[in-house]
Amino acid sequence: MGIQEIATVTGLSKSTVSRALRGMENVAETTIDEVRRVADELGYVPSSAAAGLATGRQRAVGVVVPVIDRWFYVKALGGVDAELRRAGYDLVLYNLGGPGGDRDRAFRRSMLRHRVDALVLLSLVLDATERAELELTRHPMIVIGGPAPGLRNIGVDDRAVTRVAVDHLCGLGHRRVAYVGGQDEAGMNVAVPHLRRDGFVDAMRIAGHAVPDRWLLDGRFSFAGGLAAGAALFGGSTVAGVAGVGFDRPTAVLCASDEMALGVLLAAGQAGLSVPGDVSVIGIDGHEYGTTVGLTTVAQDPEAQGRAAARAVLAEVDGGAAGAIVAAPAHLVVRGTTGPPPG
């Protein structure tokens, strides 16, 4: 079964069918959908080997992830895959396996050079040797989820998203705000935690509110880390020498990820605190579990970022220029975990 049979059924030329199967921009969406529907019905399977011989391409894009069990990576990966399938490309996944994984397998054994036409890197910062290896490939490349020196990236403005969250809390009247952030041991782009913490501290300073060091906690960008940080915040201690003042705790907590915020919510409940009556909690990211529990958040769309990244590298593969990448959108979603401070 070949392109000629699809052309006969659809009444299109072979060249149009070929362009539609590749998802090229000069073919109408309706034509692409019709051609792919007929191709599926006829059981057409393109020959990647033949395509590679004819065009010098593998019709595949490599996606390198630190780990595969985090919400952001899964969503972004889904967006990349959807856009690649639409364009008739395969996705080749390289999982680095976290801190104990084998990065050498992906970067120093030439696997990437021979199997893909472009690379999408999820939240990675590369060392000098890895950068040199990838530059040898001359593949189009882009990073999703945080800045990496010398490489294009698509992601939210990490300082700006924390400013949005601080503005929301201060607008409600909060002055005593804690922050849960810290490094991600599973390999997140190291710039993201620093940018979000700096954005928080700067926004609080601009608002005229000091943040004690004891209210800057490491939640490891995980649910368990958020739970531990929340327990440390809400266990509290009485203010020395002042009877009846109560616990020295914040009235609100800003978490650098929704996963940590979910842990902080559980810690608040375990400490007997009501949310938002005793303490407000806000996250960042837009995790679907946040919808379930009514978490206020500054939401981003990693699936859309994945789609945009795939389109960017495919445009270069097709001979287009590397376009400028703007910051991905993020927006405040107010739900039930934030309110005015107590008293």
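Helix 2 and helix 3 are roughly perpendicular to each other, and this pair makes a good starting point for a walk through what is a predicted model. Their axes lie 9 Å apart and meet at an angle of about 95 degrees, which counts as roughly perpendicular because that label covers 65 to 115 degrees.

Let's see who does the touching. Helix 2 brings Thr16, Val17, Ala20 and Leu21 to the contact, while helix 3 brings Thr31, Ile32, Val35, Arg36 and Ala39. Sorted by class, the contact of helix 2 with helix 3 has six nonpolar, two polar and one charged residues.

Now follow helix 3 on its own. Helix 3 covers residues 29-42, which makes 14 residues. From its first C-alpha to its last, helix 3 reaches 20 Å, close to the 20 Å expected at 1.5 Å a residue. Which residues of helix 3 are buried? They are Ile32, Val35, Arg36, Val38 and Ala39. Looking down the axis of helix 3, you find these buried residues within an arc of 160 degrees, so they line one face of the helix. The spacing has a simple background: an α-helix has 3.6 residues a turn, so residues three or four places apart point the same way.

Turn to the other side of helix 3 and you meet exposed residues: Thr30, Asp33, Asp40 and Glu41.

The buried residues of helix 3 have further partners, too. They pack against helix 1 (3-10) and helix 5 (71-86) as well as helix 2 (14-21). Finally, step past the end of helix 3 and you arrive at Gly43, which has a positive phi, near 75 degrees.

Definitions and conventions
Residues numbered from 1 in each chain as written. Predicted model: local features only at pLDDT ≥ 70, side-chain atom pairs only at ≥ 80, totals over all residues. Heavy atoms only, no water. Helix = DSSP H or I, 4+ residues; strand = E, 2+ residues; numbered from the N terminus. Expected span 1.5 Å × (residues − 1). Buried < 20%, exposed > 50% of the residue type's maximum accessible area, 1.4 Å probe, protein only. Arc of directions from axis to C-beta. Contact = heavy atoms within 4.5 Å. Axes fitted to C-alpha atoms, helices over the stretch in contact; angles between N-to-C directions. Parallel < 35°, antiparallel > 145°, perpendicular 65-115°, else oblique. Nonpolar A, V, L, I, M, F, W, Y, C, P; charged D, E, K, R; others polar.
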